[in-house]
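Let's take a friendly walk through a protein fold together. Have a look at the picture first, and then we can follow its strands step by step.

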Amino acid sequence: MPPESPLPRPSRRPLVAPSLEERAAAFAGPSSKGAFSPRKAPAVDPAAKSRSVAIQPTLAPAARPGPRAAPAQQQASRGITPQGSVILGIDPGTRVVGWGAIELTARGPRLLAAGVLRAGEGELAGRLGLIRCELDRLIATWRPMAMAVEEAFAHKNIQSALRIGEGRGVVLSCAAAAGVSVHQYSPASAKKALVGNGAAHKSQVAAMVARRLELAKAPEPLDATDALALALTHLDRSQGLQVSSAGGRVRRTKGPRRGRA
């Protein structure tokens with residue numbers, strides 16, 4: 001018998017690094033038709049087996065300058081409230097929370113809505129939870145660009161100061177969760193900015209709020225006008241405005257002034 005010829009050995013295919021297109025196709029997953037079809041490796045010269053191939057990283061194209069920011073965005077970045085922006089003022093508490101929403105227009109500030117949140121006489125934890133839910137609803141409804149909140153101040157009654165601090169914590173947490181910037185003003189600074197007198201009575205503040213918003217009558221109760229006074233204070237500070245003590249006239253200062261964040 002003639003000797004058997006040896007079986008031919010299968011030729012080894014060279015190992016080829018996948019191209020960037022193949023990597024992108026594998027990363028993207030199956031095609032839009034719903035079937036995944038693997039790509040065949042491209043043919044390589046057998047002489048290339050003896051030399052090493054270095055894979056050059058692909059450089060990303062140079063970043064092109066993006067479009068210029070809109071005037072409203074530029075104003076907001078400089079701390080200036082642009083037209084059409086909504087400011088929500090909050091007078092915090094654990095039983096009654098005053099709130100007021102204003103909008104900046106070409107003619108000046110305009111009242112959107114104002115009122116109070118009443119949490120009742122239940123346990124403290126339940127009242128704070130109710131206030132949190134109502135504040136979340138207010139923020140979702142009016143979508144404010146900023147919130148003006150009454151700042152903590154020295155109080156003769158320690159228990160009252162603690163309760164106000166707990167209410168402020170709920171307000172600040174709601175603003176942080178919604179991504180709304182917070183600006184805090186003390187009652188004296190808000191009265192000084194709006195009326196021109198840091199020791200003004202609440203009725204004087206309410207009258208000035210009605211005058212600034214061109215209302216025939218000030219909103220009630222006084223908790224709502226206190227909240228609107230905080231919103232107007234932040235608006236004036238952001239626009240570089242300050243109320244003169246002579247007749248409550250508004251004049252422009254050198255530059256925008258910001259409240260404490």
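Which residue in strand 5 is the bridge partner of Met-147? In this predicted model, the partner is Val-182. That pair belongs to a wider connection: strand 4 (residues 146–150) and strand 5 run parallel and are joined by five bridges.

Now move to the other neighbour of strand 4. Strand 1 (residues 86–91) also runs parallel to strand 4, and four bridges link the two. Here Gly-89 has Ala-148 of strand 4 as its bridge partner.

With these pairs in mind, you can place the whole sheet. Five strands make up an open sheet, and their order is 3-2-1-4-5, with mixed pairing. Strand 3 (108–118) and strand 5 each have a single partner strand, so they stand at the edges, with one side of each lacking a neighbour in the sheet. From one strand to the next, the twist averages 20°. Although strand 5 is an edge strand, four of its five residues (181–185) are buried, so to speak of it as mostly covered is fair under the cut-off of 20% relative accessible area.

Next, look at the nonpolar residues. The largest nonpolar core contains 22 residues, and Leu-88, Ile-90, Trp-99, Leu-135 and Met-147 have the most contacts inside it. Strands 1, 2, 3 and 4 each supply at least two residues of this core, and so do helix 3 (124–142) and helix 4 (158–178). Helix 3 gives the most, with five residues. There is also a second, separate core of 15 residues, among them Leu-104, Val-209, Leu-228 and Ala-231.

Note on methods. Residues numbered from 1 in each chain as written. Predicted model: local features only at pLDDT ≥ 70, side-chain atom pairs only at ≥ 80, totals over all residues. Heavy atoms only, no water. Buried < 20%, exposed > 50% of the residue type's maximum accessible area, 1.4 Å probe, protein only. Pairing = 2+ DSSP bridges. Axes fitted to C-alpha atoms, helices over the stretch in contact; angles between N-to-C directions. Core = buried A, V, L, I, M, F, W, Y, C linked by side-chain atoms within 4.5 Å.
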